[in-house]
Amino acid sequence: MARILITSALPYINGIKHLGNLVGSQLPADLFARYMRGRGNEVLFLCATDEHGTPAELAAAKAGKPVAEYCAELHEVQADIARRFGLSFDHFGRSSSPQNHRLTQHFAGVLAENGLIREVSEKQVYSRADGRFLPDRYIEGTCPNCGYDKARGDQCENCTKQLDPTDLIDPRSAISGSTDLEVRETKHLYLRQSALRDDLDKWIDTKTDWPILTTSIARKWLHDGDGLQDRGITRDLDWGIPVRKGDQDWPGMEGKVFYVWFDAPIEYIACAAEWAEATGNDWERWWRTDKGAGDVRYVQFMGKDNVPFHTLSFPTTLLGSGEPWKMVDHLKSFNYLNYDGGQFSTSQGRGVFMDQALDILPADYWRWWLLSHAPESSDSEFTWENFQQSVNKDLADVLGNFVSRITKFCRSKFGETVPDGGAYGAQEETLLSELTRRIRAYEGHMDAMEVRKSAQELRAIWVAGNEYLQSAAPWSTIKEDPDRAAMQVRLGLNLIRLYAVLSAPFIPAASAAMLGAMNTQDTGWPDDVADALSTLPAGHAFTVPDVLFAKITDEQREDWENRFSGVRS
RNA sequence: GGGCCUGUAGCUCAAUUGGUUAGAGCAGAGCGCUCAUAACGCUUUGGUUGGGGGUUCGAGUCCCUCCGGGCCUACCA
């Protein structure tokens, strides 16, 4: 039994995530976690809300709440939605936890001891009206290049020219609109990533099986221009982890907090500590190679925008500490999911958000479509028509109808009990060998985290059931050879259980419904397909389940299409 | 501006990393079946692999060029 540590990129706290966020990290991570558990491995699947930074403070201010209260509320909202989506985290933590405070300060302390932190004095724009320093992109003004009057301090969206905030003509705060700005001197800590450049480079070179997307982004940052640059890891904010050197004060850094991208990945570890504290488990055997984590396989899931921080900054933190922390073994990254010809947009409310998705359909519909269309090789696109067609065909017609036809046929001919009699013939042997071949292929794709291919193979496994029924035709054989029909039906009912087990990572609720109808809790993985198909013996009682997947009608599709095209109300 | 990714059938995607005649699913067409959510099965029509040039015995795959889409570019996260 292997031990698998799985983390999903941390969803940011300032609101409910859209389906594009979901499919890029949490959902495929959940797929993998459920699969690995199903195969009998020991899995620790962690996720948390990422709660620090300017956007959290501003969102709280907008909501008229203290930021700590706002974050606590939004954490619960996200935790609830995650639960309803079937995301099977072993722990859903918070980057603002005491554990993360301690650990983040610890890392900063040892990095400083190891000479990997330097202090930099720099000039930043301060807004007196807002009472805060402004990140570059929170400063607006007129572009000196093209005259666009809503250019941001980092870049002009109109002419794409990169800017410094001081380049802007008539600069103003993007938060309040105030022009009462000044440039102030402030001191910050920088993580000396450049010192570990060669180590990181060699480390990335060993990762030959990572997605090209992952390694190419890492290499770009390592080699571009002067190579990997040091990175500021502190900010002048109120909300965050106070800058301390371990448990000591950090002279000159009073009132400052760590940068959210420094503390967020550390929460992967702190989250395990939160989990351990809540459950009485030991977290170090998952994270410390000197305390039992040597045999752990660690897999991270994230959207492509997160890659530099996970391939460079966080590894710098871990390597630079000189302590025996578990490093990531596989980093699965995803492109973006677009919505009907454009991007999902949180600010414009464009697209479907997780809560809305669950309001209109059960999680399994979304899980199946999103995973079977995961943006692995390039950005992919959500359209309502494609969603309706895929879901109706795959879930309702192929899988749902299979369950329906075999259970109803059995009920009408043999009653709601697995029928006795008959023995396998050539058709059954053919089915067994096809299923064996396909299940092994499915395992291979799942092991490799090839999400789309896994979904394709699973669907083919469902189709095999319909093909079998068509060729076996129990509705005909029952007339001449009732024993043979009984065997065929018994096999069909066992296929339902098999499908429930294989499909659970994709569609856990439907899987549970299938197991419930088959009146079994045997979720044993089909290492041997013939054995797996004799799990439900003759005489075993079952029930005919409700329709597993109702079809999406044209009226529904049109309604939703209109409802989600505009601004979220 | 620079870097990276990407363009394959009407749609969504494959193609064992340069190797036979580019494959699946959906949609379309035809046939079969009648247990089933008008479901299922079988057969079948669709491709100048964005355009052009090159390397090679051989190119969807490598090189050059042009066109289109996307991402990143270090103080949003």
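Which residue has a polar side-chain atom 3.2 Å from a phosphate oxygen of RNA strand B? Select Glu467: that distance belongs to its side chain. Keep in mind as you click around that this is a predicted model.

**Stop 1: around the RNA**

Stay with RNA strand B and pick two more side chains. Arg235 puts a side-chain N or O atom 3.3 Å from a sugar or linking oxygen of the strand. Then try Gln470, where the partner is a base oxygen of RNA strand B, 3.1 Å from an N or O atom of the side chain. With Glu467 at a phosphate oxygen, you now have three spots to label in your view.

Now widen the selection to everything around RNA strand B. You should get 55 residues, and the ones that come nearest are Gln124, Gln343, Asp379, Asn401 and Lys408. Colour that surface by residue class and it splits into 17 nonpolar, 19 polar and 19 charged residues. Flip the view to the RNA side: of the strand's atoms within 4 Å of the protein, 67% are sugar or phosphate, and the rest belong to bases.

Next, show the cartoon. Which element gives the largest share of the surface near RNA strand B? Pick helix H13, residues 384-414, which supplies 11 residues. Other elements that supply at least two residues each include helix H3 (54-63), strand S4 (117-127) and helix H7 (212-223). Helix H8 (260-279) and helix H15 (451-472) are also on that list.

**Stop 2: an annotated stretch**

Select residues 11-21. An unreviewed UniProt entry annotates this span as a short sequence motif, the 'HIGH' region. Draw a line between its end C-alpha atoms and you get 8 Å; the span is 27% helix and 0% strand. Leave Pro11, Ile16 and Lys17 highlighted, since they turn up again in the lining of the largest cavity.

**Stop 3: the cavities**

How many cavities of 30 Å³ or more does the structure hold? There are four, and we'll visit two.

The largest cavity has a volume of about 70 Å³. Besides the three residues you left highlighted, add Gln26, Gln78, Ile81, Ala82, Phe92 and Met354 to complete its lining. Helix H4, residues 67-84, provides the largest share with three residues. Sorted by class, this lining has six nonpolar, two polar and one charged.

For the second largest cavity, at about 50 Å³, select Leu191, Gln193, Arg231, Gly232, Ile233, Tyr259, Trp261, Phe262 and Ser313. Strand S10 (231-232) and H8 each give at least two residues to this lining. You've met H8 already, at the surface near RNA strand B. The class count here is five nonpolar, three polar and one charged.

**Stop 4: the second largest pocket**

Last, head for the second largest pocket, which holds about 220 Å³ of space. Its lining has 13 residues; centre your view on Arg34, Gly38, Val501, Ala504 and Thr523, the closest to the middle of the pocket. Which helix gives the most to this lining? Select H18, residues 508-517, and you'll find four of the lining residues there. Helix H2 (26-38) and helix H17 (482-503) each add at least two.

Try colouring by domain before you leave. Domain 1 (3-115 + 260-334) and domain 3 (381-532) each contribute at least three residues to the lining of this pocket. By class, the lining comes out as eight nonpolar, three polar and two charged residues.

Notes
Residues are numbered from 1 along each chain as its sequence is written. Chains are lettered from A and ligands numbered from 1 in the order in which they are written. This is a predicted model: local features need pLDDT of at least 70, side-chain atom pairs count only at pLDDT 80 or more; totals for chains, interfaces and linings use all residues. Side-chain values use heavy atoms; hydrogens and water are left out. A residue is near a molecule or strand if one of its heavy atoms lies within 4 Å of it. A polar contact is a pair of N or O atoms within 3.5 Å; within protein, one must be able to donate a hydrogen and the other to accept it, and residues adjacent in sequence count only if both atoms are side-chain atoms. Ala, Val, Leu, Ile, Met, Phe, Trp, Tyr, Cys and Pro count as nonpolar, Asp, Glu, Lys and Arg as charged, and the others, Gly among them, as polar. UniProt positions are given in the numbering used here, feature names are shortened, and annotations may be inferred rather than shown by experiment. On a 1 Å grid over the protein atoms alone, a cavity is a set of points where a 1.4 Å probe fits but cannot get out, and a pocket is an open set with protein on both sides within 12 Å along at least five of seven lines; lining residues have an atom within 4 Å of a point. Grid points are joined across faces, edges and corners, and a volume is the space filled by probe spheres set on the points. Domain bounds come from an automatic or database domain assignment.
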